[in-house]
Amino acid sequence: VMAAGGDVIVLEAGYIQCLWLARMDEMSFLAPRILNAALYIQRKYGNTETRFGISLRNRIGISCGDIKCFFVGCKMVHFVLIGDAVSDSFYAASQCGSSEVVISREFWKAIIQVEDYKYQTLPDEYVTIYSVDKNSDESADSETFEIKLSSSAQTLRVAGNLCEYTDENPSDKSVPKMKCIGRKDEKKDIVKLLTELKDKVMELEDKLVPLFLIAGKMGMGKSTLFKWTMGKADDTGFTLLSQVENFSFEESFENAWKIIQDILQKSGNDSEESILNLVGKKQNEFPLHKLNDRLNTEFQQVMALYGEEDIRRLLITLIIKASKAKPILIGIDNLEHVGTETWLFLQELLLIRAAVVVATVTDEYNPSVPFVRSLMKQQFNSIVMRPLDEEELGLLSCVVLNVKAINREFLPFFQKFSEGNALRMEEILMIPPLQKHFAILPASNVSKKNLDSKFLFNKDVSSKFVCDIVDSDEMEKLQIPAHLLDVVRDHTTGLNPEEQMLIRKCALLGNNFGLFVLEAVCPEYPTAELRYKIRNLLKKNLLKLQCQHLGITEKRGRETITLREIPTEFCIHPIRFYCDYLKKSVLNVMPESQRQRLNLYLADLLMTTPRCDSCKNEWQKRRHSSLPAVSRHFHVPWVDMRMCQCLELKTHFALQVEYHLEKGNGLIGDRIDMLLEAAEFGVLTRSPNMVDRILIKTKRLLVEGGLSAQIEIDPTTVAIVRLKSQVNLLYGKNNEAMREIKHALLLLNVLFPSDIERKVNRQIWTDHPLAPEFMKCLHVGCLILKVLGIYDVAYKAGKYHLKLLAKRGYSFIDIVRSKSLLLSVVWKTKPSRKRERQSTKLGNEIRQLCFKRLTEYPVVELVELKAIISAFKAVLNMLFEKAELQAAEELGKKVFQLLVLVKHEKDLTRILSILARIYFFQHNDDKCFEMINQLEDAFQQCADPVADAIYFSTLVLALRFTNYRGIWQDKIDICSEYALRTPAVPTHPKFKDKVFCLCANMCMWSCQHNLLDASGIWGNRATNLLQTVRMDNYWTLMGSLCLITTDIERIKEFRHLHGAGIVTNQAEFN
């Protein structure tokens, strides 16, 4: 309608009333255009299928004549049309059939070339139009109109683009990226300043520091020019660059850590060995363990107390040593968001001329810290952003509208209302009243003379369309809000009440909110309907997608949001507001009391687990297409892989509830409960960093609420200490974990592990109110004792835990975890008949429990599935180490097929490794290498360093004894390269065992191939690791066997060369 020059007057449930204003002498030109638009609508949208199984058909009636317009209402104005022409249009619509258009006799008189249409005259002189005659010239106009309609009428901004259009050539749909438009003088000055700073940074005056600022008002394009500057720095000779973008106020040292991470990685100094070389003999003076969270290092944490000054000295030392006098450029966007710690870090770098800093800052920024204010006064130079001129605004509008040229008549209008502000210009282009004046049409429809004289071209935009003006006089009458927030608010004023409430919920969910979280807080809508509404908000440029798993597809004539794939691991599928100002404008119109009430309401809704129909359907489909072998071993229950059941998403839900409780001034006790629930899920997902942050916040809330000063034993305090112990266990800090669990049980008046070993006060825990927390602590304590190798005490703790479960009741997850832990402990005790009997009994019980759950229950949740897989791994390891290879192979195949079905890459690497070793000892080389190849695919997807070490250790073992000589050298070179990258003494015990086995295998392989120097190097590395590992698992025992075998081969070779006269202490060797 709008592409044909009309306007929509009434849009209500059931009908749309459109209006064209024209003089009588213009009707001969306008009437065919209106009729073609109506026929196009009928052809494209004449029959619409709904989700209720009912087909909707359009009835279109057209008339022309004099009308009167009345304005009704005060706050909300309605336009009421009265006249014979209005009555005729309603009557014409009532006579309309399927895929037809009925017009009045007055309108028919305005059609000059009636032979161009297929029509029928009705008895009351109204005319039914069926279609355009394909043999007429008018059909070409109809097709032209169709192209224009698809390009102009659908004026939408999606991901920064205003126009979507239909074109047969898909290559023309490429959207130009936002570039730094214009500003030739500023760019020239920037290049000159960068060159001067690079060459003469050490020659600056004492009063100046190498700080270069890009200043300007909000929305002037500082960030765009800043990105251009950082891209140009390569051409000016800066080889070490670090770019930081601050969208909010930074945490302590956050920017400084980002800078040091970039510099170390780009200079090739991000390994432990390189960092130790950089700090030299002063390594004990620095908190090197702080680098573990940022780099792939495993520095041992020491108990010495380090302050912020020590961290700063470490960062400065690393940057100076790593740069090796090369020029360093540090770029910081939004300097006003930088914290004091990073400012101190930057101050030292600037004063010693170790780096050049380029930063953006607003004109209004006035730092309150004296040394920051003084440092900014010593800046080398600055560029103040000027407003964009008319031509630059025109080039910017071409990029936003995705057209290659724009009519120059727009430029004075743009300059008047945007005042040269780039952000304001982008927002003005999105205002619906202004969009009606954009005529987006193919460039071929405009004469070359007009294109050259009236249009401004942007050569960076590869589009076939241009933007012409519809009515310049009417456009001048438009009123554009003066303030930027008002411009943004204009996008929300036209929303209906349902959309207003939906957009308010989105604003309260935070900067990024998940698709499934949004579905949980909107239970009044079915999933499909809600996603359709969100799609409408996306089309209105209020929201934007920010996740690779989300896409937009058309289903039954409606565009909606769908998931491209359903990952089993964590993905919250984030959506966010199109800009921060838009979110602020939505929050500003909500009173504080309403915000608090709505936050508490959202928290209450999130307590209930939502339904995820799309995920359910996807996994139902995947279940039916599963491997045939799985059906033989399991009856394949419906594995509930819905995202709401995903452990990582449960963590996110709990944190989201706590966020709303905080914003709504909820009870501190409720917030603590939600944080602890999130931490429990975080431990299950092996996310120690996140759990650590949650526990810090929980402790702070305990102090704020005065709960930490209670005299009575508080289960919350015990839970925090226990979770801290589990976090240390995940980090591989086993001794610290032991200290924490002792502390947790001491709060419960239990001296661990002596009270457990001596069976002190066991009867009191049967009905004790704190028994659930005690049982959790006991389970964690048993696990820590097992990791530390104290198997006898761990066995007693595990057996006691199993008895408590039997007395107090248990869930399937509790009993499976307890029995699998007890099995792994029993198998590590001293060999005896009792051990054999107990391990066999426990293994059979675990298999029976798990297979029963998989075959007889209709639904298995993801938490239960993880417990089942862990239990199967314990049984599989026991069977393998007992040399029951046939039974281990059968169970391994079943577990492998189950893991393939649910795609658990990390667990899959462990099972594939065991299967490869089983086939290796069965001398089945083909199967062994088949498992190793699949192991390679799995470890590359899970990003787990332990999985890497498992793969390479298994590969070297297989290469030593197989006949695949053609791939020996290439594979061994890869293994050698990886082994050289590993730390000399890894900190995590699980990683250390595999690296020891790998080095020992490399030593033996080198010895077998007469590479004596290499064999000596690998032997030394393995011998150094031998002092730090325990001989209680397959990897350490296999590595030790390799070292012994290598020494025997060396002695044999030595005897062969030197004869029997050699003096060898054979007894000592044996």
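## A tour from strand 22 to strand 16

Select strand 22 and strand 26 (residues 574-577), which run antiparallel and are joined by three bridges. Strands pair if DSSP finds at least two bridges between them; strands here are DSSP runs of E of at least two residues, and helices runs of H or I of at least four, numbered from the N terminus. The model is predicted, with local features needing pLDDT of at least 70 and side-chain atom pairs pLDDT 80 or more, while totals for chains, interfaces and linings use all residues. Residues are numbered from 1 along each chain as its sequence is written, and side-chain values use heavy atoms, without hydrogens and water.

Within this pair, pick Asn 512: Arg 576 of strand 26 stands opposite. Now add strand 23 to show an open sheet of three strands in the order 22-26-23, with antiparallel pairing. Strand 22 (512-514) and strand 23 (543-545) are the edges; each has a single partner strand, so one side of each is left without a neighbour in the sheet. From one strand to the next the twist averages 35°.

Next, show the helices. Helix 19 (residues 497-508) lies across strands 22, 23 and 26, at about 105° to strand 26. Helix 21 (residues 527-539) lies across strand 23 and strand 26, at about 105° to strand 23. Axes are lines fitted to C-alpha atoms, for helices over the stretch in contact, and angles run from 0 to 180 degrees between N-to-C directions; contact means heavy atoms within 4.5 Å.

Return to Arg 576 and select Asn 511, Phe 577, Asp 580 and Lys 583 with it: these residues line the second largest cavity. A cavity is a set of points on a 1 Å grid over the protein atoms alone where a 1.4 Å probe fits but cannot get out, and lining residues have an atom within 4 Å of a point. The volume of this cavity is about 30 Å³. Strand 26 and helix 22 (580-588) each supply at least two residues of the lining.

Finally, move to strand 16 (residues 356-362), where seven of seven residues are buried, meaning under 20% relative accessible area (1.4 Å probe, protein chains only). Val 356, Val 358, Thr 360 and Thr 362 point one way, and Val 357, Ala 359 and Val 361 the other. Strand 13 (residues 209-216) runs parallel to strand 16, joined by six bridges, with Ile 214 opposite Thr 360. Strand 15 (residues 328-333) also runs parallel to strand 16, through four bridges; there Ile 330 stands opposite Val 357.

Technical notes:
On a 1 Å grid over the protein atoms alone, a cavity is a set of points where a 1.4 Å probe fits but cannot get out, and a pocket is an open set with protein on both sides within 12 Å along at least five of seven lines; lining residues have an atom within 4 Å of a point. Grid points are joined across faces, edges and corners, and a volume is the space filled by probe spheres set on the points. Buried means under 20% relative accessible area, exposed over 50%, partly exposed in between (1.4 Å probe, protein chains only).
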